[in-house]
Amino acid sequence: MKFYKNFIRTFNDLPGHTTLLIHSLSGCLFHCFGCHNYDEIVAQTPKEYKTKEGLYTYLEKSGYLVDAVMFSGGEFLIDKIEEIEDLLKNVRARFDGKIIVTTCGVYCDKVKHLFRKDLVDGIHIDMKLPYHVLDVDADQQIFKDIMGITPTEKLVDNLLDSIDTVIKHNSELDQVRTVQYPILSDAFFDEIKSYVNKQKAYYNSNVPYYLNEFLYS
Ligand code: SF4
């Protein structure tokens with residue numbers, strides 16, 4: 001696994017924590033509207049990058065500066081689960097803070113595996129569209145415009161299963177979040193929020209939900 005050369009310290013990705021944001025360079029299945037990372041991180045592997053060993057050394061020397069690490073991408077869960085597990089176990093062995101993974105939710109088996117084996121403290125998952133009310137045929141263009149993909153029933157089932165899994169996990173360190181894409185009407189965001197609230201009630205969960213402003217690059 002390779003990582004973007006700069007690890008970034010942030011103060012708002014995990015409320016109440018100082019977080020080290022680490023971008024994997026393994027790519028992404030999607031090509032979302034306005035993705036800030038696409039050109040620099042997803043479409044190609046930069047010539048300069050950090051390795052797993054570079055990350056471990058960084059955490060040993062400077063890990064005390066943060067109390068959480070967050071693995072992002074691209075899609076962090078695109079790599080083989082064995083490699084992801086090895087990385088997260090090594091991070092746990094060197095770092096006392098919280099471990100967070102961000103994902104689009106397409107790999108629901110990996111999401112479940114991370115929780116089952118306690119490899120993460122929280123998962124931040126995107127709900128980019130109201131998947132539960134969209135039709136993979138009739139609404140194909142919406143998926144293309146927002147996520148850059150042609151959807152299938154299986155893919156949508158995986159996305160919803162991952163979102164439910166995060167809601168069920170019910171940690172204050174988890175998040176479900178949506179980018180307020182400017183090409184969608186408010187009805188989309190109302191429907192997403194209503195779905196998340198319904199699932200939270202069903203699972204008796206307090207997982208935070210955020211509608212995040214779309215940032216123009
Ligand atoms: S899932 Fe994330 S990294 Fe991948 S294209 Fe969409 S916004 Fe970019």
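This briefing covers two helix pairs and one helix in more detail. The model is predicted. One pair is H4 (residues 108–116) with H6 (residues 153–169), and the other is H2 (residues 52–62) with H3 (residues 81–94).

**H4 and H6**
- The axes of H4 and H6 lie 8 Å apart, and the packing angle is about 15°.
- Because angles under 35 degrees count as roughly parallel, H4 is roughly parallel to H6.
- H4 and H6 cross in a left-handed sense.
- On the H4 side the contact involves Cys108, Val111, Lys112 and Phe115, and on the H6 side Asn158, Asp161, Ser162, Thr165, Val166 and His169.
- By class, these contact residues are 4 nonpolar, 4 polar and 2 charged.

**H6 on its own**
- H6 is made of 17 residues and spans 24 Å from its first C-alpha to its last, close to the 24 Å expected at 1.5 Å a residue.
- Its buried residues are Leu159, Ser162, Ile163, Thr165, Val166, Ile167 and His169.
- Those buried residues pack against H4, helix H7 (186–202) and the strands E6 (98–103), E7 (122–126) and E8 (175–180).
- After H6 comes asparagine 170, with a positive phi near 55°.

**H2 and H3**
- The axes of H2 and H3 come within 9 Å and cross at roughly 15°.
- H2 and H3 are therefore roughly parallel to each other.
- Their crossing is right-handed.
- H2 contributes Lys52, Tyr56, Leu59 and Glu60 to the contact, while H3 contributes Leu87, Asn90, Val91 and Arg94.
- The contact of H2 with H3 contains 4 nonpolar, 1 polar and 3 charged residues.

Methods
Residues are numbered from 1 along each chain as its sequence is written. This is a predicted model: local features need pLDDT of at least 70, side-chain atom pairs count only at pLDDT 80 or more; totals for chains, interfaces and linings use all residues. Axes are lines fitted to C-alpha atoms, for helices over the stretch in contact, and angles run from 0 to 180 degrees between N-to-C directions. Helices (H or I, at least four residues) and strands (E, at least two) are DSSP runs, numbered from the N terminus. Angles under 35 degrees count as roughly parallel, over 145 as roughly antiparallel, 65 to 115 as roughly perpendicular and the rest as oblique. A crossing is left-handed if the near helix is turned anticlockwise from the far one by less than a right angle, and right-handed if clockwise. Two residues are in contact if their C-beta atoms, placed from the backbone, lie within 7 Å. Ala, Val, Leu, Ile, Met, Phe, Trp, Tyr, Cys and Pro count as nonpolar, Asp, Glu, Lys and Arg as charged, and the others, Gly among them, as polar. The expected span of a helix is 1.5 Å times one less than its number of residues. A residue is buried if 20 or more other C-beta atoms lie within 10 Å of its own, exposed if 12 or fewer, and partly exposed in between; C-beta atoms are placed from the backbone.
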